[in-house]
Amino acid sequence: MRVAVIGAGVIGLSTAQSIYEQYHGQVRPLTIEVYADRFTPLTTSDGAAGFWQPYLYDKGNAEETKWNKETFDYLLSFLHSPDAIKMGIFLQSGYNLCTESAPDPSFKDIVLGFRQLTDRELEMFPGYSHGWFNTALMVEGKSYLPWLMDWLIQRGVKFYDRKINSFQELADSGAQVIINCSGVRSGELQPDPELQPGRGQILKVDAPWIKHWILTHNFTKGTYNSPYIIPGSRLVTVGGVFQLGNWSEMNSSGDHKKIWEEACELEPSLTHARIVEDWTGLRPVRGRVRLERESIQSGPRTIEVIHNYGHGGYGLTIHRGCAQEAARLFGEILKLTRWETKSHL
């Protein structure tokens, strides 16, 4: 069976990995191909800070919280592996700060050591009256994506630097199942009025004395529109813009100024940091992740598609849980088409 994955960000690569893990011994032959016009280090996953944290509240979408937890537990299982450093995985503790009282976040039972901030801690952050402290994980895309690609290449997965313009194009070339992990560009393959870009801009700065992440939440300004500071393995990521519907991938001097001034107000020592780079990316924003099967009729032929996109600003946070669910849906297609064969004894 030929499987074509569209997209080589963390969602596409991890979905290819989960399908291989679960089915390479059952389906003979199983050919997995990944098609993309952007590969690491040029994907949105590469530019992200790589901090494991979803939005504060799942708004009743328990399935996504489940996928977030599966991803956290999966990454945590590698923490004491020699591969952890190659994967860009390490623990990081810090503060979520709110400008007003707020319910505990949906992820409070997933992260490590979650607790309310004390009055003494809040005194360190003027303007913030509520918040939490916890330990979470970093999974830096600039390390994790090359590790995933190497893992797949070693197992015979093929990569093609090619923009896919339609599902029909892949079906005509012989693909029997198509996995759509094309992120914010998914609307080009099939109209989706719910999908839109959430433009973000960040600065990477050299500030090795910053040891804790700080995420602020201003419920009037909305998600990601107030400052955040996330120390990585080498550089510190500073951000704070979320512009819905803005397709521009150009760095904005106005956003740069806003991000930097607000970050320096939050952490004044940053005024001594050296700015290393600006980066802009587009989050694939949707009311909820689209993770489902679809059979598309094309003349006499049926094209089997699994959609896995719309992960907003938390693709690295949710990727493994979604990949496992996509692999389960792939199993449904195998049973439906009677492709599944038992591995040889």
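The following legends describe close-up views of a predicted model.

**View 1. The largest nonpolar core and its most connected members.** The largest nonpolar core comprises 71 residues, of which I32, Y144 and F330 touch the most other members. Helix 10, spanning residues 315-337, makes the greatest contribution to this core, supplying nine residues. As background, nonpolar side chains in soluble globular proteins tend to be buried together.

**View 2. The surroundings of I32, and the second core.** When neighbours within four places in sequence are set aside, the contacts of I32 are V3, V5, A16, I19, Y20, V157 and K158. A second core, separate from the one to which I32 belongs, holds 23 residues. Among the members of this second core are F133, I210, A263 and L270.

**View 3. The six-stranded sheet.** An open sheet is built from six strands, arranged in the order 6-2-1-7-15-14 with mixed pairing. Its edges are formed by strand 6 (158-161) and strand 14 (290-298), each of which pairs on one side only. On average, and with direction ignored, neighbouring strands of this sheet are turned by 20° against each other.

**View 4. Strand 15 and its two partners.** Strand 15 (residues 301-309) pairs with strand 14 in the antiparallel sense, over nine bridges. Within this pairing, L291 has N308 of strand 15 as its bridge partner, and Q297 stands opposite T302 of strand 15. Strand 7 (residues 177-180) runs parallel to strand 15 and is joined to it by four bridges. Here the bridge partner of I178 is V305 in strand 15. Strand 15 is mostly covered, with seven of its nine residues buried.

**View 5. The hairpin of strands 14 and 15.** Two residues lie between strand 14 and strand 15 in this hairpin. G299 adopts a positive phi near 65° in the hairpin.

**View 6. The packing of helix 1 against helix 6.** Two packed helices are described by the angle between their axes and the distance between the axes. For helix 1 (residues 10-23) and helix 6 (residues 141-154), the angle is about 35° and the axes are 10 Å apart. The crossing of helix 1 with helix 6 is left-handed. Helix 1 contributes V10, L13, S14, A16, Q17, Y20 and E21 to the contact, while helix 6 contributes Y144, L145, W147, L148, M149, W151 and L152. Sorted by class, the contact of helix 1 with helix 6 contains 11 nonpolar, two polar and one charged residues. Two of the residues in this contact recur in View 2, where A16 and Y20 are in contact with I32.

**View 7. S18, a buried residue of helix 1.** S18 is located in helix 1. S18 counts as buried because its relative accessibility is 0%, and the cut-off for buried is under 20%. Apart from its neighbours within four places in sequence, S18 is in contact with R320, A323, Q324 and A327. These partners lie within the span of helix 10, residues 315-337.

**View 8. I85, an exposed residue of helix 4.** I85 is found in helix 4, which covers residues 84-87. I85 counts as exposed because its relative accessibility is 70%, and the cut-off for exposed is over 50%. From C-alpha to C-alpha, I85 and P29 are 33 Å apart in space, and 56 residues separate them in sequence. I85 is thus shown as exposed, whereas S18 in View 7 is buried.

Note on methods:
Residues are numbered from 1 along each chain as its sequence is written. This is a predicted model: local features need pLDDT of at least 70, side-chain atom pairs count only at pLDDT 80 or more; totals for chains, interfaces and linings use all residues. Side-chain values use heavy atoms; hydrogens and water are left out. A nonpolar core is a set of buried Ala, Val, Leu, Ile, Met, Phe, Trp, Tyr and Cys residues joined through side-chain atoms within 4.5 Å. Buried means under 20% relative accessible area, exposed over 50%, partly exposed in between (1.4 Å probe, protein chains only). Contact means heavy atoms within 4.5 Å. Two strands pair if DSSP finds at least two bridges between them. Axes are lines fitted to C-alpha atoms, for helices over the stretch in contact, and angles run from 0 to 180 degrees between N-to-C directions. A crossing is left-handed if the near helix is turned anticlockwise from the far one by less than a right angle, and right-handed if clockwise. Ala, Val, Leu, Ile, Met, Phe, Trp, Tyr, Cys and Pro count as nonpolar, Asp, Glu, Lys and Arg as charged, and the others, Gly among them, as polar.
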